[in-house]
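Biologist: I'd like to learn how to read side chains and empty spaces in a model like this one. Can we start with what "buried" means?

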Amino acid sequence: MILVTGGAGFIGANFVLDWLQRRNETVINVDKLTYAGNLCTLKSLTGNPLHCFVQVDISDRSALDLLFSRYAPRAVIHFAAESHVDRSIHSPEEFVQTNVVGTFTLLEAAREYLDRLDDDARAAFRFLHISTDEVFGSLLPGDPHFCEMTPYAPNSPYSATKAASDHLVRAYHYTYGLPVITMHCSNNYGPYHFPEKLIPLTILKALNSESIPIYGDGQNVRDWLYVRDHCSAIRTVLSHGTPGQTYNVGGQNEKKNIEVVQAVCDLLDLLHPKAHSSYRDLIVSVSDRLGHDYRYAIDMRKIKIELGWKPAETFESGLRKTVQWYLDNQHWVNEVQSGEYRKWIEFKYTNVRKSQGR
């Protein structure tokens with residue numbers, strides 16, 4: 001069996017669902033169930049004997065020790081993290097606690113567990129750490145893509161705490177021999193994405209005929225990776241990746257934020273048209289994020305060459321699947337839109353001003 005942390009969050013839940021569709025192997029799903037952890041996403045696994053959910057904070061060492069002792073997993077896939085940059089700017093202490101202290105606690109529990117294994121089980125064990133391209137900082141137009149050897153230069157409390165966790169993971173390999181592998185992914189999108197992030201926020205604001213906020217002039221660039229492609233990459237790295245190595249995973253889809261928002265609006269015009277206008281008319285500009293990184297871009301030649309992996313979806317095909325999923329699953333959206341989420345959106349996107357020339 002495998003142990004997955006953060007398996008009720010966006011990427012983690014997609015991975016758990018994808019894994020159990022493809023593998024006959026038990027998942028021990030560990031999640032603290034903060035605002036972004038949502039058991040509604042896992043409803044289809046109710047009664048599935050291969051899915052064991054346990055509500056645990058990864059900073060709770062005694063609970064982790066009990067899980068390792070009871071279930072003896074052959075691998076850990078570590079998704080659990082506070083991940084929203086805006087929230088890290090306003091509440092950085094939560095990010096330090098989960099991303100740094102939580103990862104440290106999980107590494108310590110895994111290290112002690114590994115010491116109890118026989119030689120064969122120890123050699124087969126893997127600790128897969130899911131990180132982000134944001135640890136590398138910001139690129140200017142024309143700068144080369146982030147590769148595995150790009151120096152770290154995090155610019156937000158979120159990316160700084162993820163960088164710290166990456167360094168801890170690396171240190172536990174070189175100091176203690178823990179068989180770790182780190183993956184740096186670009187911006188994920190797809191089903192079950194929490195509605196404070198750009199693409200689901202755009203969809204839901206549009207469907208409610210509300211202003212669609214975009215930071216500044218919308219020229220910031222991200223590489224977009226469909227979440228099921230990311231799940232495929234994780235399975236590949238878990239099976240064939242080399243301990244101690246890092247692998248960059250991207251979708252090869254560099255897009256400006258305004259292009260992404262406009263593409264969502266255009267798909268909604270096609271799939272769920274308004275009577276007399278385009279959803280683009282709802283786009284507004286809001287004050288830019290503090291320390292907003294200009295551009296992220298992933299060089300993923302290493303995973304292609306060494307492991308033979310590449311994404312299956314284009315941005316256009318993945319985005320269409322995503323928009324259609326939200327149109328078909330409004331019940332999920334209604335369940336996750338808690339009071340806390342609504343208060344956060346109201347706090348972030350008040351005093352919007354109409355964008356010019358959009």
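Modeller: Sure. A residue counts as buried when its relative accessible area is under 20%. Keep in mind that this is a predicted model. Here, Tyr189 has a relative accessible area of 1%, so Tyr189 is buried. Trp224 is buried too, at 3% relative accessibility.

Biologist: How many aromatic pairs are there?

Modeller: The general idea is to look at two rings whose centres lie within 6.5 Å and then check the angle between their planes. By that rule there are 17 aromatic pairs. Take Tyr189 and Trp224: the ring centres are 6.2 Å apart and the planes are at 75°, so this pair is edge-to-face, since planes over 60 degrees apart get that label.

Biologist: Which parts of the chain does the pair of Tyr189 and Trp224 tie together?

Modeller: Tyr189 belongs to strand β7 (residues 187-189) and Trp224 to strand β9 (residues 221-226), so the contact links parts that are 35 residues apart in sequence. Another pair to look at is Tyr326 with Trp332, where the centres are 6.3 Å apart and the planes at 75°, so that pair is edge-to-face as well. Tyr326 and Trp332 are both buried.

Biologist: Which residues form an aromatic cluster?

Modeller: One cluster consists of Phe136, Phe146, Tyr152 and Tyr296. Tyr296 also has a charge over its ring: the charged end of Arg222 sits 3.9 Å from the ring centre. You can find a similar arrangement at Tyr176, with Arg111 over its face at 4.0 Å from the ring centre.

Biologist: Now the empty spaces. How much space lies in the largest pocket, and what lines it?

Modeller: A pocket is open, while a cavity is a space the probe cannot get out of. The largest pocket holds about 390 Å³ of space. It is lined by 17 residues, and those closest to its centre are Glu148, Tyr152, Arg170, Gly244 and Thr246. Helix α6 (157-176) and strand β6 (180-185) are the elements that give two or more residues to this lining. By type, the lining of the largest pocket has 6 nonpolar, 7 polar and 4 charged residues.

Biologist: And how many cavities are there?

Modeller: There are 2 cavities of 30 Å³ or more. The second largest has a volume of about 40 Å³. Its lining includes Val85, Glu134, Arg289, Asp293 and Tyr296. That lining divides into 3 nonpolar, 4 polar and 3 charged residues.

Key
Residues numbered from 1 in each chain as written. Predicted model: local features only at pLDDT ≥ 70, side-chain atom pairs only at ≥ 80, totals over all residues. Heavy atoms only, no water. 1 Å grid on protein atoms, 1.4 Å probe; cavity = no way out; pocket = protein on both sides within 12 Å on 5 of 7 lines; lining within 4 Å. Points joined across faces, edges and corners; volume = space filled by probe spheres on them. Helix = DSSP H or I, 4+ residues; strand = E, 2+ residues; numbered from the N terminus. Nonpolar A, V, L, I, M, F, W, Y, C, P; charged D, E, K, R; others polar. Phe/Tyr/Trp six-rings, centres within 6.5 Å; stacked < 30°, edge-to-face > 60°. Buried < 20%, exposed > 50% of the residue type's maximum accessible area, 1.4 Å probe, protein only. Lys NZ or Arg CZ within 6 Å of the ring centre and 35° of its normal.
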